[in-house]
There are 2 protein chains.
Amino acid sequence: MEANMILLHFTDGLIPVVVQDAKTREVLMVAYANDEAVQLTHQTGFAHFYSRSRKKLWKKGEESGHVQKVREILVDCDEDCLLYLVDQKGAACHTGYRTCFYRTIDGIIVSEQVFDPSKVYANKGQ
Amino acid sequence: MEANMILLHFTDGLIPVVVQDAKTREVLMVAYANDEAVQLTHQTGFAHFYSRSRKKLWKKGEESGHVQKVREILVDCDEDCLLYLVDQKGAACHTGYRTCFYRTIDGIIVSEQVFDPSKVYANKGQ
């Protein structure tokens with residue numbers, strides 16, 4: 001824990017993180033971070049998370065190159081959720097869409113695919 | 001479940017919801033919804049959630065009047081997170097700030113307080 005950081009409330013060791021494009025203000029994704037991922041994000045300026053399925057820390061873009069340079073980390077009123085404001089390289093979503101939120105709840109696609117995932121990922125991953 | 005709605009994945013009956021101002025694109029809050037809250041939001045056009053602490057469904061603004069008119073509901077790639085794009089009446093945060101994300105992780109306030117919570121809430125609530 002760094003000196004002036006707000007004390008965060010983790011649930012089962014994790015805190016949800018909303019990632020927003022700092023320039024376009026588009027919400028790109030939601031993922032989870034453990035304390036180590038938050039510290040690494042704060043220290044390195046690149047978004048880190050904890051994968052619940054793979055049970056490991058990951059740096060966004062470590063495989064795809066689609067890293068997120070973090071401009072600011074905001075905390076919500078209850079200190080149990082974070083917001084990373086980022087410069088997104090490439091696209092945020094492993095499906096090739098710029099944002100993970102590319103569909104309405106009725107299944108209508110409202111975003112654009114900016115890369116072909118089969119050419120970016122050797123294995124499924126983010 | 002309505003006819004064309006995407007099948008959502010709930011964890012312990014809940015799904016996280018990011019709420020974003022449809023005009024300013026500001027991320028206002030993150031809360032949780034159960035299936036009933038999602039259906040009510042979809043049907044009524046006003047944001048509904050499920051309070052984990054109070055263990056009940058709630059309509060945002062039911063006490064404060066600070067309702068959220070929902071313009072669009074988006075789903076993420078994994079179908080385990082929602083994004084409500086809303087017109088926010090008043091302010092989203094029960095502390096009186098327009099957004100719940102009014103501080104950086106280092107404790108610096110970066111948003112403005114737009115109402116006095118003691119004058120809006122008889123009891124603590126949202």
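Helix H1 of chain A, residues 35–44, has four residues listed as buried: Ala37(A), Val38(A), Gln39(A) and Thr41(A). This is a predicted model. Chain A holds two helices and seven strands. Chain A also meets chain B, with 40 residues of chain A in contact with 40 residues of chain B.

**Helix H1 in chain A**

- What do the buried residues of H1(A) pack against? Six strands of chain A take part: S1 (15–21), S2 (27–33), S3, S4 (56–59), S5 (68–75) and S6 (82–88).
- Gly45(A) comes just after H1(A). The phi of Gly45(A) is positive, about 80 degrees.
- Phe49(A) sits in strand S3, which covers residues 48–51 of chain A.
- Is Phe49(A) buried or exposed? Phe49(A) counts as buried, because its relative accessibility is 0% and the cut-off for buried is under 20%.
- Phe49(A) and Val38(A) are 11 residues apart along the chain. Their C-alpha atoms are separated by 7.4 Å.
- Val38(A) is itself one of the buried residues of H1(A).

**Chain A as a whole**

- The order of elements along chain A is β-β-α-β-β-β-β-β-α.
- How compact is chain A? Its radius of gyration is 15 Å, and the globule rule gives 14 Å for 126 residues. The two values are close, so chain A is as compact as a globular protein of that length.
- The C-alpha trace of chain A spans about 40 × 30 × 25 Å along its principal axes.
- Of the 126 residues in chain A, 56% count as buried.
- Take the contacts in chain A with a separation of 6 or more. Residues 24 or more positions apart account for 44% of them.
- Chain A has an accessible surface of about 5,800 Å². Carbon and sulfur atoms hold 48% of that surface.
- Chain A carries 15 positive and 17 negative charges. The mean positions of the two sets are 9 Å apart.

**Where the chains meet**

- The size of an interface is often given as the accessible area lost when the parts come together.
- Here, chain A and chain B bury about 3,200 Å² between them. Carbon and sulfur atoms make up 61% of that area.
- Which three residues of chain A supply more of its buried area against chain B than any other three? They are Phe101(A), Arg103(A) and Ile105(A), with 24% of the area that chain A buries there.
- Gly107(A) lies in the loop of chain A between strand S7 (103–104) and helix H2 (117–120).
- Gly107(A) counts as partly exposed, because its relative accessibility is 38%.
- Gly107(A) reaches across to chain B, where its contacts are Asn4(B) and Ile6(B), leaving aside neighbours within four places in sequence.
- Gly107(A) and Val38(A) are 69 residues apart in sequence. In space, they are 33 Å apart, C-alpha to C-alpha.
- On the other chain, Asp106(B) is in the loop between S7 (103–104) and H2 (117–120) of chain B.
- Asp106(B) is partly exposed, because its relative accessibility is 33%.
- Asp106(B) touches Asn4(A), Met5(A) and His42(A), not counting residues up to four places away in sequence.

**Helix H1 in chain B**

- Which residues of H1(B), residues 35–44, are buried? They are Ala37(B), Val38(B), Gln39(B) and Thr41(B).
- These buried residues pack against strands of chain B, among them S1 (15–21), S3 (48–51) and S6 (82–88).
- Gly45(B) follows H1(B), with a positive phi near 80 degrees.

**Positive phi outside glycine**

- Most residues other than glycine have a negative phi.
- Asp12(B) has a positive phi, near 50 degrees, and is not a glycine.
- Where is Asp12(B)? Asp12(B) is in the segment before S1 of chain B.
- Asp12(B) counts as exposed, because its relative accessibility is 78% and the cut-off for exposed is over 50%.
- Arg25(B) is not a glycine either, yet its phi is positive, about 70 degrees.
- Arg25(B) lies in the loop between S1 and S2 of chain B.
- Arg25(B) counts as partly exposed, because its relative accessibility is 28%.

Definitions and conventions: Residues numbered from 1 in each chain as written. Chains lettered and ligands numbered in written order. Predicted model: local features only at pLDDT ≥ 70, side-chain atom pairs only at ≥ 80, totals over all residues. Heavy atoms only, no water. Rg over C-alpha atoms; globule rule 2.2 N^0.38 Å. Buried < 20%, exposed > 50% of the residue type's maximum accessible area, 1.4 Å probe, protein only. Contact = heavy atoms within 4.5 Å. Areas by Shrake-Rupley, 256 points an atom, 1.4 Å probe, with all protein chains shown as cover. Lys, Arg positive; Asp, Glu negative; His and termini not counted. Charge placed at Lys NZ, Arg CZ, Asp CG, Glu CD. Buried area = accessible area lost by both parts, 1.4 Å probe.
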